[in-house]
Amino acid sequence: TNRIANKTALITGATSGFGKATAHALAQMNVNLILLGRRSERLQELQQTLSNLHPKLHLRTLALDIKKYDGVKTELEAIMAKTPIDILINNAGLASGLSSIVDGDLDDWEQMIDTNLKGLLYVSRTILPQMKQRNQGHVINIGSMAGNTTYPNGNVYCATKAAVHTLGQAMNIDLTGTGIRVCTLAPGAANTEFSEVRFHGDKLKADKVYQGFQPLLAEDIAEMIVYVLNAPAHVNIQKVDMMPTAQRTPYHLHQEI
Ligand code: NDP
Ligand code: 8X3
């Protein structure tokens, strides 16, 4: 059964990794898409690819930095005035650096807090009132294993993801009595551009993170997102912990090198 056909979804961070894979998976389910990210060329490429594959879908791109509330509010409200948003995938985020809290880089910290935490709040604050007014909607927040368990040098990244988990609970609580469902999806190690971004473009270092085991793929996360969204209206899957089979916690990774 496809319960999400013809709905409209906003995906933040659609230019890469989980967001891009989710765009493909939702398009396959006939969901109209608003693709948000900072890199407009990539957005255009994705829109082109998807429109070739699914010519009937309504696809829009939004080249935006979610750290900037004014742009988020103005641009999204303009879209929502014409097309209500049924599904929000709060996916945009990053780790920047991996160093001790003793000598962490303040710019890295601010980048993570402003994106993963404040950016997610800005987007949610803009979208949720209309969902509440319509008494329907589905929000998926991308948390992380890092939000469940803090690992060495993960400090601020882990804190932002723990905060995402808390905000997921808060959304569910504050939306009691409405038809809006909220899921926090917390994946373990997944091979995307995540580590390349974390290590500021050092691809060799990034590749090592995924050596000797089968990490999650972006498509695995996309498949789970479709499953969660497609559940019947009375089913609210609130939390999903999703790990590679080789990894049970950040400290229990079977890596054959
Ligand atoms: P990628 O680096 O491949 O994708 C991150 C996406 O976020 C990009 O599309 C990027 O787009 C977007 N983004 C980053 N900052 C902003 C911003 N300020 N405004 C708008 N968009 C932004 O990594 P993943 O796909 O792995 O990451 C997606 C989410 O999953 C993140 O929240 C991450 O923390 C989380 N996660 C990742 C795991 C992993 O192991 N890969 C595991 C658990 C959670 P652009 O640069 O074009 O703006
Ligand atoms: C991203 C995965 O392993 O850095 O959340 O926690 S990890």
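Glu223 lies in helix H9, and this residue of the predicted model offers a handy way into the fold. With 15 C-beta neighbours inside 10 Å, Glu223 counts as partly exposed. Between its C-alpha atom and that of Ala95, a residue 128 places away along the chain, the separation is 23 Å. Met224 is also found in helix H9, but here the count of C-beta neighbours inside 10 Å is 21, so Met224 counts as buried. Beyond its neighbours within four places in sequence, Met224 is in contact with Leu185, Val240 and Met242. The C-alpha atoms of Met224 and Ser195 are 22 Å apart, with their positions 29 residues apart along the chain.

The helix as a whole invites a quick consistency check. Helix H9 covers residues 218-229, and at 1.5 Å a residue its 12 residues should span 16 Å; the C-alpha atoms at its ends are 17 Å apart, which agrees. Which residues of H9 are buried? They are Ala218, Ile221, Ala222, Met224, Ile225 and Leu229. Viewed down the axis of H9, these buried residues fall within an arc of 160°, so they line one face of the helix. The spacing fits a general rule: an α-helix has 3.6 residues a turn, so residues three or four places apart point the same way. The buried residues of H9 pack against helix H1 (17-28) and against four strands, namely S4 (87-90), S5 (137-142), S6 (180-187) and S7 (239-242).

Some of these strands can be followed through their pairing. Strand S1 (residues 8-12) runs parallel to S2, and 5 bridges join the two. Leu10 has Ile34 as its bridge partner in S2. S1 is also joined to S4, again in parallel, by 3 bridges. In that pairing, Ile11 stands opposite Ile89 of S4. From S4, 4 bridges lead on to S5, and these two strands run parallel as well. Ile89 appears here too, standing opposite Ile140 in S5.

How enclosed are the strands themselves? In strand S2 (residues 32-37), 6 of the 6 residues are buried, so the strand is largely enclosed by the rest of the structure. Asn32, Ile34 and Leu36 point one way from S2, while Leu33, Leu35 and Gly37 point the other way, and all are buried. S4 is likewise covered on both faces, with Ile87 and Ile89 buried on one side and Leu88 and Asn90 buried on the other.

Attention now turns to the two ligands. Around ligand 1 there are 30 residues, the closest being Gly13, Gly17, Arg38, Gly93 and Phe194. The elements giving two or more residues to this shell are H1, helix H4 (106-134) and helix H7 (194-198). H1 provides the largest share, with 3 residues. By class, the shell around ligand 1 divides into 11 nonpolar, 13 polar and 6 charged residues.

Ligand 2 is surrounded by Ala95, Ser144, Met145, Ala146, Ala189 and Phe194. Its shell holds 5 nonpolar residues and 1 polar residue, with no charged residues. Phe194 thus links the two descriptions, being listed among the closest residues to ligand 1 and also among those surrounding ligand 2.

Two backbone details round off the picture. Most residues other than glycine have a negative phi, and most peptide bonds are trans. Asn30 has a positive phi of about 65° although it is not a glycine. The residue sits in the loop between H1 and S2, and with 14 C-beta neighbours inside 10 Å, Asn30 counts as partly exposed. Asn153 also has a positive phi, of about 70°, and is not a glycine either. Its place is in the loop between helix H5 (145-148) and helix H6 (155-174). Asn153 has 15 C-beta neighbours inside 10 Å and so counts as partly exposed.

Conventions
Residues are numbered from 1 along each chain as its sequence is written. Chains are lettered from A and ligands numbered from 1 in the order in which they are written. This is a predicted model: local features need pLDDT of at least 70, side-chain atom pairs count only at pLDDT 80 or more; totals for chains, interfaces and linings use all residues. A residue is near a molecule or strand if its C-beta atom, placed from the backbone, lies within 6 Å of it. Ala, Val, Leu, Ile, Met, Phe, Trp, Tyr, Cys and Pro count as nonpolar, Asp, Glu, Lys and Arg as charged, and the others, Gly among them, as polar. The expected span of a helix is 1.5 Å times one less than its number of residues. A residue is buried if 20 or more other C-beta atoms lie within 10 Å of its own, exposed if 12 or fewer, and partly exposed in between; C-beta atoms are placed from the backbone. The arc is that of the directions from the helix axis to the C-beta atoms. Two residues are in contact if their C-beta atoms, placed from the backbone, lie within 7 Å. Two strands pair if DSSP finds at least two bridges between them.
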